[in-house]
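Grab a pencil and work through the exercises below. Each one comes with a solution in small steps.

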Amino acid sequence: MTFAPPPLNSFVAVIVITIAALIFRAWLQLELLADGFHKDYAADLSYLVVPPTLLILLLPIWRQYISFIGNLFRRDVLTPTLILNAFAVGCLLRVAAWSQLIAGVAFGWYYNPDPTALIGPAFVFNCAAPKVIALGIVVMVILVPFVEELVSRGLIQSWLSHRGAVISIGLSALFFMLWHRPSSWGFAFFAGLVLGVQYWRTGALWSSLISHATVNALILWDWRCLNVRWNPRTSDLPVLYAGIPALVALVAAITVIIFLLTKTPGRPAAPAERVTER
């Protein structure tokens, strides 16, 4: 689906206001931490200001493109095949993330400089308080995917679609990457490319939204319940018995993701279709 390029001021407004909302969220998170809130609870609670901030400050743009936004969620695209495909892609993205992390530690690409760090590997399963988990589900599995997909794919990628798939998907993935902490930029950019291809093929946000929500649900489980520590000694590197299988799993996950992207169902809009401003 193509999208008539907006005036430059509208495009810039989305970028600037989104960044401002995230800065406001970061400030609020620090305030909550200073007040003694649990770090996970503070992170999720502070994110609740982002959707209303974007809704209010970008209201003229939402109203201007309301019919196009509604078309992003058209029901004819949401089929059982699409749901299963998108869910599988989300699971494989998390497998890829874990595989590259394990390989990075096993080959010494990632390391903890703290000499007292636990060598491990050690696994501890201990979930956070129920209210932290519940808020995490609302924020990470529902709000974050919806907001990020609507802005990154629904607006940014759509506005750039007249420049072709490579530029529109690449730049939207770059913008999506900047939503995340620097330590996860590599994975976030790759995930942004995958989500961008899903949107490009289907012309709707369902596929990328489901995959995004799946990834975040698994991340929530990792962060709030599963505690893994592994800091092998430098003298033990590389740990081939862990590193090689991890690399194989990474390549396999990426290969299957690419295959599933080629099979992503949907009914893309005709190339000549454009959504113009009112």
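Buried means under 20% relative accessible area, exposed means over 50%, and partly exposed is what lies in between (1.4 Å probe, protein chains only). The model is predicted, so local features need pLDDT of at least 70 and side-chain atom pairs pLDDT 80 or more, while totals for chains, interfaces and linings use all residues. Residues count from 1 along each chain as its sequence is written, and side-chain values use heavy atoms, leaving out hydrogens and water.

**Exercise 1.** Work out which class, buried, exposed or partly exposed, fits D76 and which fits its partner R74.

*Solution.* Start with the contact: D76 and R74 meet in a salt bridge, 3.4 Å from N to O. That term asks for a side-chain nitrogen of Lys or Arg within 4 Å of a carboxyl oxygen of Asp or Glu. Next, D76 has a relative accessible area of 36%, so D76 is partly exposed. R74, at 14%, is buried.

**Exercise 2.** Check the span of helix α7 against the distance between its end C-alpha atoms.

*Solution.* Helices are DSSP runs of H or I with at least four residues, numbered from the N terminus. The expected span is 1.5 Å times one less than the number of residues. Helix α7 (residues 130-160) has 31 residues, so it should span 45 Å; the end C-alpha atoms are 42 Å apart, which agrees. Now look along the helix: α7 bends by about 35 degrees at L143, and the proline P145 follows within four residues. The bend is the angle between axes fitted to the seven residues ending at a residue and the seven starting there.

**Exercise 3.** Find the salt bridge between R153 and E149 and place both residues.

*Solution.* The closest N and O atoms of R153 and E149 are 2.6 Å apart. Both residues lie in helix α7, 4 residues apart, about one turn of the helix. R153 counts as buried because its relative accessibility is 0%, and E149 is buried with 0% as well.

**Exercise 4.** Classify the ring pair F37 and Y41.

*Solution.* Rings of Phe, Tyr and Trp (its six-membered ring) pair if their centres lie within 6.5 Å; planes under 30 degrees apart are stacked, over 60 edge-to-face, and the rest tilted. The structure holds 9 aromatic pairs. In the pair F37 and Y41, the centres are 6.1 Å apart and the planes at 10 degrees, so the pair is stacked. F73 and W206 form an edge-to-face pair, with 5.6 Å between centres and 80 degrees between planes. That pair links distant parts of the chain, 133 residues apart.

Note on methods
Helices (H or I, at least four residues) and strands (E, at least two) are DSSP runs, numbered from the N terminus.
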